[in-house]
Amino acid sequence: MKGKLSTFLKVFNNIVEKNLKFLIFTRGIEFQKQAIVELESLLKKTSKLKRKMIKDKDEEASNILLSLENLVSVYINELKMLVFLKEDDMNKAWVSLVEAQHSLTTAFQANDIVLNYNGENYLEKLELIEKAFFPHQTFSSIEAKVESSNCSICGHEYGECAHVVGRPYMGQICYRIFTKMDFEGLSILVENPADKRCRITEFSDDNGYMRDVLTWRIADHSKKK
Amino acid sequence: MIQVEDFTDVKKKAQELDCNVPKTLAILPKNFTSAKSKGELVNEATASTIRVLWKQANVVETPIEKEGEKIPEFVMNWLEWVGPTILFTSTLITQNPQLIDIALGVIANYLTDFFKGFPKRQKKAKLDIVAETKSGTYKKLHYEGDAEGLKDLPKIIRSLHDEG
């Protein structure tokens, strides 16, 4: 590994190691909040070095740093989830968990360096947290007919260029930007949605009140009826 | 999981829809058998990605789309990977059988990387393959499983061709 990146990794690993001990529910919330601040600062440093590597056209280093950026985002979001759980803000806790899962997937797509940070087990850990801390949920997903889409890397019509969705290119993951599409419908009861934030948030109880799926509390707008 | 069933006459259906009749390898729209007109056809969202991967591996497709035509893709925001329906004609299976291994191997390799960030239970691909038999009928093979399992399919495709 090249000089600048190698030096940065030592700093990176020290900061990560120092803060990982707070990724446990029982740790004090004040330490967890401080860990978020330190990791957000590390995220900024990682992004700054990535931009430098992109400028130097060092694709491997750029992709490694993209992976590390997302790994730090995993830790930050997991910590935020713990804080929100303690503060009784379950909807935000859920969003933080989903964002941690999404960041981990991106970290894997970007580079295998994530394996050095126990990435495989981390995937399973986040799955376990989801099952242990949150109820089974109903998700929804859009269905659309796409007539035209552009590549996020080069801007050309997707499929006409050589970039492939989900692969890293100079510090960015390729995705499709839909430019012409017809909305076909919304499917619910999706078992594996791409975005777990698209979920049914309330249900109607026997008395006609709307209750929050996560907290079981009667929704404010329902109380006023 | 692998399931095999009869499939519609691709040549006849392609002509009915005013499409090209595929000579070797092609991606078939997801509603190829039920579509009443060309305008109804839709591909799986992964079709264009598979085409890029094949192009990079020098795998030549004989598409059902005529020059300048484009079939829209059906997108669902699901995490599972649903591949397009892939047709291997009898000509390809008999004259260029190694192309089956290459065409599916490219997809398997792509999926191995694609699934890296997925929990184990979600590392599952769904894919339909249509093989023309030596007697000119068509069989559809439905595959659900991991990326590695795709590498076992060429043998099954060849035997479906020979049994038909």
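Trainee: What makes strand E6 of chain B "mostly covered"?

Mentor: This is a predicted model, and in it seven of the eight residues in E6(B), which spans 125-132, come out as buried. A residue is called buried if 20 or more other C-beta atoms lie within 10 Å of its own, so with seven of eight passing, "mostly covered" is a fair label.

Trainee: How do you know that E6(B) pairs with strand E5 of chain B?

Mentor: Count the bridges. Pairing takes at least two of them, and E5(B), residues 81-88, is joined to E6(B) by six, so the two strands pair. They run parallel. One of the partnerships is B:Trp81 with B:Ala125.

Trainee: And what joins E6(B) to strand E7 of chain B?

Mentor: Eight bridges, with E7(B) covering residues 138-145. At least two are needed, so this counts as a pair as well. Here the strands run antiparallel, and B:Glu132 stands opposite B:Tyr138.

Trainee: Which residue in the turn of that hairpin has a positive phi?

Mentor: B:Gly136, at about 90°. Five residues lie between E6(B) and E7(B) in the hairpin.

Trainee: What makes B:Val130 a contact of B:Phe7?

Mentor: Contact means C-beta atoms within 7 Å, and B:Phe7 is on the list for B:Val130 once neighbours within four places in sequence are left aside. Also on that list are B:Val10, B:Leu28, B:Thr85, B:Leu87, B:Tyr138 and B:Lys140.

Trainee: Why is B:Val130 called part of a nonpolar core?

Mentor: Core members have to be buried, be of a listed residue type such as Val, and be joined through C-beta atoms within 7 Å. B:Val130 belongs to the largest such set, which has 40 residues, so it has met those conditions. B:Val130 is also among the residues with the most contacts inside the core, along with B:Leu87, B:Phe88, B:Ile129, B:Ala131 and B:Ile157. Helix H4 of chain B, residues 98-114, provides the largest share, seven residues.

Trainee: Which residues belong to the second core?

Mentor: A:Phe22, A:Leu68, A:Leu71 and A:Leu123 are included in that separate set of 37 residues.

Trainee: Over in chain A, how do you know that domain 1 touches domain 2?

Mentor: Twelve residues of domain 1 are in contact with five of domain 2. Helices H2, H3 and H4 of chain A each supply at least two residues of the domain 1 side, and H3(A) gives the most, with five. That side divides into five nonpolar, five polar and two charged residues.

Conventions: Residues are numbered from 1 along each chain as its sequence is written. Chains are lettered from A and ligands numbered from 1 in the order in which they are written. This is a predicted model: local features need pLDDT of at least 70, side-chain atom pairs count only at pLDDT 80 or more; totals for chains, interfaces and linings use all residues. Two residues are in contact if their C-beta atoms, placed from the backbone, lie within 7 Å. Helices (H or I, at least four residues) and strands (E, at least two) are DSSP runs, numbered from the N terminus. Ala, Val, Leu, Ile, Met, Phe, Trp, Tyr, Cys and Pro count as nonpolar, Asp, Glu, Lys and Arg as charged, and the others, Gly among them, as polar. A residue is buried if 20 or more other C-beta atoms lie within 10 Å of its own, exposed if 12 or fewer, and partly exposed in between; C-beta atoms are placed from the backbone.
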